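I set out to look up how the interior of this model is arranged, and I kept the entries in the order in which I made them.

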Amino acid sequence: MDKLLLPEQRATLLVSAMTLTQKQEQLIGQGGLVPELPQCYGARHVPGIPALEIPTLRITNGPVGVGQNDCVPAQYADPTNPLTFLTSPHSAPATALPSGMAVAASFDTAVATQFGNVIGIESNNLALHVLEGPGLNLARNPTLGRNFEYFGEDPLLTGTMGVAEIKAIQSHGVIAMAKHLVANEQETNRMTINENIDDKVLHELYLLPFEMAVKDGEVASVMCSYNSVNGYSMCENKHILTDVLRGQWGFTGYVQSDFFASHSVVATMLAGLDHEMPGVSFPAAGIISYWTADNLNAALAAKQIAVSNIDTALTRRYTQMFKFGIFDRPVAQTPIDQAGDGAIARSMGEQTAVLLKNANSLLPFDAKTVKTVALIGKATYADTAVTGCCGGSSDVIPLYSVKPLQGMQNTLAQLGSSATVNLVVVAEDNSNLAAAVDAASKADVVVIMAGTLAEEGQDRPSISLDGGDYMNTTKTYINHNQNAMITAVIAANPTKTAVVLKDNASALLPWIDQVPAVLEVWFPGQEDGNIVANLLFGTVNPSGKLPVTFPKNDGDWPANTPAQFPGVPVNGKSTVTYSEGLNIGYRWYDAQAIAPLFEFGYGLSYTTFTVANLTVSPQVTDGTTPITVTVDVQNTGSRDGAEVPQVYLGLPGTGEPTKRLVAFKKVALKAGEKKTVSITIDPKASSHPLSVWDSSAQQWSIVSGQFKVLVGNSSRNLNLNSTITVNK
């Protein structure tokens, strides 16, 4: 085939040359041996057709690195049960990066770009073509199991980070897949839940990051989710998959089902689904495929679908495969740059940590004066690198991992310190807590490591650190009794103790007033030990900001009633109602006048900053021209660091939340340095900063009137204000 033809032309010619049987084989995934890679068994591929020069299309998960990726060695695969190689601890290893939530906490598109570059390059190393990510769902509730895969509670932050990641992934010839469209905000009953969501709320919150991914990121594929929205299963939701995705947004890529999310032939194909995955059937587990040859032929015979529908689905996917060069390169693996990508993972983790508290400037610890360190915590956090969780589809099998003790020893050695680090792993029932208390009382400084793990398929039982962590490998909850452990250890050394949190999202911190320092590092990935030690001892300065709100009390957050989460029966079907409307995250706390423990956008540093001298130009506009917001940001301390000025708008008389984030910019400053920072608000941007959704007209509409412009370094520390008047 002429490679000078456009991808669309090549795809059309290819489909026209295929038999109906070949077309049907290509619509759906298969499990088994990867033809070009006989060392790999998997259930994440579509076998190629050598006679037509169609390569095997290989797919991987990717919210924390190249995860479960279609390559399990033969000795670990049971060909009679494809589920054994759908998710496996023996999947090909890759670099375990900081989690999506951590990337969001950087408030830095450069970090999202780094993330996308690593997973794009490593996908090529492992001969993978499609990366299922980024995850663009929102952290509606702090207990949700997959919050770690996503970018937090705000749609603008989520969309901005997602676009940067998508562009980086696709720059390496790998198809990115925005997921899970849409409203996949819980794991409980995720395959059967129906979610009632107002159309305005859908567009202004939950669809917005996907719209940005399509328009700004030019994402090549989208995944439809398990749940139903307003009565329609998402892979059968023609309004969203066709009217919105393709009609309103101009999406030209293809739609793949989440694994086992397709429940029909005709309704899915006519709604806009193009590719069913994984395509494996295992009736004993209640798993069947729908787009089989028999089912497709029956639908064709009944004239419920036409061959043209099949051609359209294939052409959409092949167009993207041609566009990204998948037809033109061999399916061959090459070595991963383990050291280079590991160094990037470490740098990313250092930029994503959030310093929540630092009374009396306890941190960073001074390696020159510290002689003994007590490192204390449950095994999951204090004696393990948190590279993900428990065996779900997103888990990366790390190339290596750095445990907390090793990392601390590495950093101390680099700083020329001979300090001793004493590790005390506290038992699940705290039966050896006395040993931890004794070690803390004798140490110069104490580091407690705690947190919350979570995983696909299971929401956390509570937001408390004592709620336990679900572990697929044992089908039980672990890591109870963390608060009692933390409280006792703090009491033993109240002035020299720091708590390090490794979290899925936010958590309740009942001991916060008793401890001088708290550092949030999320899921740091395989460089966990080095990242945390470098932050604690100040070889790097934390600069992250919270992408989620930390509540003070149980139940302070939105979606805190059974009807909102996890759902109640309505006409025999489990139903969730998003009755909080537009007020999620910081918007909810504003609306309810509830003070959080730590607000969205919050984060301290080992230095200090001022944000001053706000100017807005023009202040009167017709709503079509860009608006420039300018502030002076100065590092007023003695260490180099980075600050994030954040711009929020309050819309006039619209019934909208008090404010919405519309822009942010991370700024690196040397000690004492000042920079004038300009941030653009473009009314025509895909994030629609000056607009609201008009459901009756099915379009965005710019609001007339006076907007409040609020600028600061967190959602509740907005000391600078001005106005914009829009006269349409």
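The entries below go through the cores, the cavities, a buried loop residue and a sheet.

**Entry 1: cores.** I noted at the outset that this is a predicted model. I began with the largest nonpolar core, which has 164 residues, and looked for the members that touch the most others: these are Leu181, Val182, Tyr206, Tyr318, Phe365, Met408 and Leu536. I then asked which element contributes the largest share of this core. It is helix H5, which spans residues 155–170 and supplies 7 residues. Besides this core I found a second, separate one of 38 residues, and Ile448, Ile512, Leu546 and Tyr602 are included in it. As background I wrote down that nonpolar side chains in soluble globular proteins tend to be buried together.

**Entry 2: Val182.** I took Val182 from the list of core members that touch the most others and looked up its contacts, setting aside neighbours within four places in sequence. Among its partners are Leu202, Tyr206, Leu207, Phe210, Val229, Met234 and Ile240, and the list also includes Asn137, Glu195, Ser225 and Asn227.

**Entry 3: cavities.** How many cavities of 30 Å³ or more does the structure hold? I counted 3 in the output, and the largest of them contains about 130 Å³ of space. Its lining is made up of 15 residues, with Glu204, Leu208, Arg587, Arg660 and Ser687 the closest to the centre. Two elements, H5 and strand S26 (660–664), each give two or more residues to this lining, and S26 gives the most, with 3 residues. By type, I recorded the lining of the largest cavity as 7 nonpolar, 3 polar and 5 charged residues.

For the second largest cavity I noted a volume of about 100 Å³ and a lining of 13 residues, of which Ala139, Pro142, Glu153, Thr549 and Trp557 lie nearest the centre. The lining of this second largest cavity divides into 7 nonpolar, 4 polar and 2 charged residues.

**Entry 4: Glu527.** I located Glu527 in the loop between strand S18 (517–520) and helix H17 (528–536), and then asked whether Glu527 is buried or exposed. Its relative accessible area is 3%, and because the cut-off for buried is under 20%, Glu527 counts as buried. Not counting residues up to four places away in sequence, Glu527 touches Gly342, Ala345, Arg346, Tyr400 and Val402.

**Entry 5: the sheet.** I followed an open sheet of 5 strands, which run in the order S22-S32-S31-S25-S26 with mixed pairing. Its edge strands are S22 (620–621) and S26, each of which pairs on one side only. I went through the pairs from one edge to the other. S22 and S32 are parallel over 2 bridges, and there Thr621 stands opposite Val726 of S32. S31 (residues 705–712) and S32 are antiparallel over 7 bridges, with Lys708 opposite Thr723 of S32. At the other edge, S25 (residues 646–650) and S26 are antiparallel over 4 bridges, and Gln646 stands opposite Phe664 of S26.

**Entry 6: the faces of S32.** Where do the side chains of S32 (residues 720–726) point? I found that they alternate: Leu720, Ser722, Ile724 and Val726 point to one face and are buried, whereas Asn721, Thr723 and Thr725 point to the other face and are not buried.

Notes. Residues numbered from 1 in each chain as written. Predicted model: local features only at pLDDT ≥ 70, side-chain atom pairs only at ≥ 80, totals over all residues. Heavy atoms only, no water. Core = buried A, V, L, I, M, F, W, Y, C linked by side-chain atoms within 4.5 Å. Buried < 20%, exposed > 50% of the residue type's maximum accessible area, 1.4 Å probe, protein only. Contact = heavy atoms within 4.5 Å. 1 Å grid on protein atoms, 1.4 Å probe; cavity = no way out; pocket = protein on both sides within 12 Å on 5 of 7 lines; lining within 4 Å. Points joined across faces, edges and corners; volume = space filled by probe spheres on them. Nonpolar A, V, L, I, M, F, W, Y, C, P; charged D, E, K, R; others polar. Pairing = 2+ DSSP bridges.
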